[in-house]
Amino acid sequence: DKTKLAFCINLYNVMIRHAFIKVGIPQNSMNRSAFYGTVSYNVGGHMLSFNDIEHGIIRANARPPYSLFHPFGERDPRRGLA
């Protein structure tokens with residue numbers, strides 16, 4: 001659904017900007033990896049990191065290139081968001 005995809009991309013971009021202001025911009029690849037995986041927001045009652053939004057929702061629960069697992073497991077209630 002194009003509307004859902006557009007909403008999620010816009011949400012992701014706004015959240016990134018907000019996090020850069022509140023937490024700061026990661027200065028190296030190690031900090032960047034931690035930033036995208038640990039900074040989380042409550043979206044509709046679900047805690048979502050930037051990785052969750054990018055790979056779990058926008059990329060339809062696709063496995064990130066650096067991971068062995070999909071963002072949302074089979075019993076994860078957030079799986080319905082993908």
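Here is a short walk through the fold, the surface and the aromatic residues of this protein chain. Bear in mind that the model is predicted.

Let's start with the overall layout. The protein chain contains three helices and two strands, and reading along the sequence gives the pattern α-α-β-β-α. Its radius of gyration is 13 Å, close to the 12 Å from the globule rule for 82 residues, so the chain is as compact as a globular protein of that length. If you prefer dimensions, the C-alpha trace spans about 35 × 30 × 20 Å along its principal axes.

How is the chain packed? Of its 82 residues, 32% count as buried. Taking contacts between residues at least 6 apart in sequence, 37% join residues at least 24 apart.

Turning to the outside, the accessible surface comes to about 5,800 Å², with carbon and sulfur atoms accounting for 58% of that area. As for charge, there are 10 positive and 5 negative side chains, and the centres of these two sets lie 5 Å apart.

Now for the aromatic residues. With ring centres required to lie within 6.5 Å, the count comes to six aromatic pairs. One of them is formed by Y36 and F50, whose rings sit edge-to-face, 6.0 Å centre to centre with 70 degrees between the planes. This pair links distant parts of the chain: Y36 belongs to helix α2 (residues 29–38) and F50 to helix α3 (residues 50–58), 14 residues apart. Both Y36 and F50 are buried. They also belong to a wider group, as Y12, F20, F35, Y36, Y41 and F50 form one aromatic cluster.

Technical notes:
Residues numbered from 1 in each chain as written. Predicted model: local features only at pLDDT ≥ 70, side-chain atom pairs only at ≥ 80, totals over all residues. Heavy atoms only, no water. Phe/Tyr/Trp six-rings, centres within 6.5 Å; stacked < 30°, edge-to-face > 60°. Helix = DSSP H or I, 4+ residues; strand = E, 2+ residues; numbered from the N terminus. Buried < 20%, exposed > 50% of the residue type's maximum accessible area, 1.4 Å probe, protein only. Rg over C-alpha atoms; globule rule 2.2 N^0.38 Å. Contact = heavy atoms within 4.5 Å. Areas by Shrake-Rupley, 256 points an atom, 1.4 Å probe, with all protein chains shown as cover. Lys, Arg positive; Asp, Glu negative; His and termini not counted. Charge placed at Lys NZ, Arg CZ, Asp CG, Glu CD.
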